[in-house]
Amino acid sequence: MNTPARIKRHKRIRAKISGSKDIPRLVVYRSLSHNYAQIIDDNEKKVLAEASDIKEKKIAKKVDMAKKIGLKIAEKAKEKGIKSCIFDRNGYKYHGRVKAVADGAREGGLQF
């Protein structure tokens with residue numbers, strides 16, 4: 001949901017951070033039914049890696065699926081040679097699914 005408070009937080013966060021080729025930006029998006037994560041190079045405007053739970057079977061809670069997404073994005077980042085990134089919570093509060101993606105990415109080896 002695009003609430004005015006989330007949009008305001010998102011603009012405030014994005015004014016301070018941007019990703020580069022050396023340290024890209026890990027963006028988390030959550031819809032009502034799915035979780036998404038992308039690693040983005042803002043200088044070249046390219047997505048370097050992405051992960052989502054669209055093709056996963058819905059046997060777990062949304063928070064558990066979000067943690068799997070974090071592990072999956074960390075694995076794809078390692079394949080591309082990315083060791084550290086900047087975490088962009090996309091205006092969402094840092095709890096629940098957003099925190100689970102971050103925890104999963106840290107467990108997978110990404111540093112931020």
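Q: In this predicted model, why is Asp103 called partly exposed?
A: The relative accessible area of Asp103 is 27%. Buried would need a value under 20% and exposed a value over 50%, so at 27% Asp103 falls in between and counts as partly exposed.

Q: What makes Arg106 and Asp103 a salt bridge?
A: Their closest N and O atoms are 3.7 Å apart. The cut-off is 4 Å between a side-chain nitrogen of Lys or Arg and a carboxyl oxygen of Asp or Glu, so the pair qualifies. Arg106 is partly exposed too, at 38% relative accessibility. Both residues belong to helix H3, where a spacing of three residues puts about one helical turn between them.

Q: Which residues are joined into one network by salt bridges that share partners?
A: The network consists of Arg14, Arg25, Asp42 and Asp88.

Q: How do you know that Arg25 and Asp42 form a salt bridge?
A: The closest N and O atoms of Arg25 and Asp42 are 2.8 Å apart, and the limit is 4 Å. Arg25 lies in strand S1 and Asp42 in the loop between S2 and strand S3 (46-52), so this pair ties together parts that are 17 residues apart in sequence.

Q: Are Arg25 and Asp42 buried or exposed?
A: Arg25 has 7% relative accessibility and Asp42 has 16%. The limit for buried is under 20%, so both count as buried.

Q: What is the charge situation of Arg9?
A: Arg9, in helix H1 (residues 4-16), is buried and has no salt bridge. The nearest side chain of opposite charge is that of Asp88, 10 Å away. A salt bridge requires atoms within 4 Å. Apart from neighbours within four places in sequence, Arg9 is in contact with Arg89, Gly91 and Lys93.

Q: How many aromatic pairs are counted?
A: The count is four.

Q: Why is the pair of Tyr29 and Tyr36 called tilted?
A: The ring centres are 5.7 Å apart and the planes make an angle of 35°. Centres within 6.5 Å make a pair, while stacked needs planes under 30 degrees apart and edge-to-face needs over 60; 35° meets neither, so the pair is tilted. Tyr29 is partly exposed at 36%, and Tyr36 is partly exposed at 25%.

Q: What makes the pair of Phe87 and Phe112 stacked?
A: The centres of these rings are 5.2 Å apart, with 10° between the planes. An angle under 30 degrees counts as stacked, so the pair is named that way. Phe87 lies in strand S4 (residues 86-88) and Phe112 in the segment after helix H3 (97-108), so the pair ties together parts that are 25 residues apart in sequence. Phe87 counts as buried, at 18% relative accessibility, whereas Phe112 is partly exposed at 30%.

Q: How do you know that the charged end of Arg6 sits over the ring of Tyr92?
A: The distance from the charged end of Arg6 to the ring centre of Tyr92 is 4.7 Å, and the distance limit is 6 Å. Tyr92 is also linked by ring pairs with Tyr29 and Tyr36 in a cluster.

Q: What covers the buried residues of H3?
A: The cover includes strand S1 (25-30), strand S2 (35-41), helix H2 (62-80) and S4. Among the buried residues of H3 are Val98, Ala100 and Gly104.

Terms used:
Residues numbered from 1 in each chain as written. Predicted model: local features only at pLDDT ≥ 70, side-chain atom pairs only at ≥ 80, totals over all residues. Heavy atoms only, no water. Helix = DSSP H or I, 4+ residues; strand = E, 2+ residues; numbered from the N terminus. Buried < 20%, exposed > 50% of the residue type's maximum accessible area, 1.4 Å probe, protein only. Lys, Arg positive; Asp, Glu negative; His and termini not counted. Contact = heavy atoms within 4.5 Å. Phe/Tyr/Trp six-rings, centres within 6.5 Å; stacked < 30°, edge-to-face > 60°. Lys NZ or Arg CZ within 6 Å of the ring centre and 35° of its normal.
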